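Have your viewer open and a selection box ready? Let's walk through this one stop at a time.

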Amino acid sequence: MAEHYKVRVTKDHLVFCSGHFISYEGDKCERLHGHNYRAAVEVEGKLDTNYYVFDFIALKQRTKAITDELDHHMLLPTKNALITLHEEGMAVRVRYKDREWLFPRDDCVLLPIENTTAELLARYIAMRLRADLVKQHGYEAEVLRVEVEENVGQSATCELRRS
């Protein structure tokens, strides 16, 4: 019989309240709005010498550090072909066709993603978390799964598998 282990963390403090909007269907753009996002993280792997997959406390701390960076900010994608961003001194000018917004730079997080969908926010958090776990703990999970819930019953998951 093969054994398989997984740990999961999701707590009320793994939340981030952020503004965003997305482009979709090639020619549409949502209105500016926000969500009270909630993150959940799963790590799969073998048991270590302590008989756990990975330390819950360290996993929560690393995830919280990432979600805290997103909390109470405007999330803006830097790789969107339809939404352009221009940093202008202390501001970020954002344009979609004839619509334009000007945000204080300190209130924005410029994300290296194509769109601020729940799917790509989950991927962003997963990629950051994977890099942090390797750098801070020398640990690479067999599977790292991040779920981002943007509303009750509405979430997206990104799964990274060790190659």
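In what order do the elements of the protein chain run from the N terminus on? Colour by secondary structure and follow the ribbon: the order is β-β-β-β-β-α-β-β-β-β-β-α-β-β. That comes to two helices and 12 strands. Please keep in mind that this is a predicted model.

**Stop 1: the whole chain**

Zoom out before picking residues. The C-alpha trace spans about 60 × 30 × 30 Å along its principal axes. The protein chain has 163 residues, and 42% of them count as buried. Switch on the surface, and you are looking at about 9400 Å² of accessible area, with 49% of it belonging to carbon and sulfur atoms.

If you like to colour by charge, expect 23 positive and 27 negative side chains, with the centres of the two sets 2 Å apart. For those who prefer a contact map, take the contacts with a separation of 6 or more: residues 24 or more positions apart account for 63% of them.

**Stop 2: H20**

Now select H20, which sits in strand β2, residues 15-20. Is H20 buried or exposed? With a relative accessible area of 2%, H20 is buried, because the cut-off for that label is under 20%.

Show the side chains around it. The side chain of H20 makes a polar contact of 3.3 Å with the side chain of H35. Next, select T116: its backbone oxygen lies 2.9 Å from a polar atom of the H20 side chain. Beyond the neighbours within four places in sequence, the residues in contact with H20 are E30, R31, L32, H33, H35, Y37, M74, L75 and T116.

**Stop 3: two aromatic pairs**

Y37 in that list leads to the next stop. A search of the whole structure finds three aromatic pairs, and this tour visits some of them. Select F16 and Y37: their ring centres are 4.7 Å apart and their planes meet at 15°, so this pair is stacked. F16 belongs to strand β2 and Y37 to strand β5 (residues 33-45), so the pair ties together parts that are 21 residues apart in sequence. F16 is buried at a relative accessible area of 1%, and Y37 is buried as well, at 0%.

Move on to F54 and Y139, an aromatic pair that is tilted, with 4.8 Å from centre to centre and 35° between the planes. Which parts of the chain does this pair tie together? F54 lies in the loop between β5 and α1 (56-70), while Y139 lies in the loop between α2 (118-137) and β11 (143-151), so the linked parts are 85 residues apart in sequence. Relative accessible area is 7% for F54, which is buried, and 16% for Y139, which is also buried.

**Stop 4: E87**

For the last stop, select E87 in strand β7, residues 84-88. Is E87 buried or exposed? Its relative accessible area is 52%, so E87 counts as exposed, the cut-off being over 50%.

Which residues does E87 touch, not counting those up to four places away in sequence? They are V92, R105 and L110. With R105, the side chain of E87 makes a side-chain polar contact of 2.9 Å. To finish, draw a distance line from E87 to A65: the two are 22 residues apart in sequence, and their C-alpha atoms are 25 Å apart in space.

Notes:
Residues numbered from 1 in each chain as written. Predicted model: local features only at pLDDT ≥ 70, side-chain atom pairs only at ≥ 80, totals over all residues. Heavy atoms only, no water. Helix = DSSP H or I, 4+ residues; strand = E, 2+ residues; numbered from the N terminus. Buried < 20%, exposed > 50% of the residue type's maximum accessible area, 1.4 Å probe, protein only. Contact = heavy atoms within 4.5 Å. Polar contact = N/O pair within 3.5 Å; in protein donor to acceptor, adjacent residues only side chain to side chain. Areas by Shrake-Rupley, 256 points an atom, 1.4 Å probe, with all protein chains shown as cover. Lys, Arg positive; Asp, Glu negative; His and termini not counted. Charge placed at Lys NZ, Arg CZ, Asp CG, Glu CD. Phe/Tyr/Trp six-rings, centres within 6.5 Å; stacked < 30°, edge-to-face > 60°.
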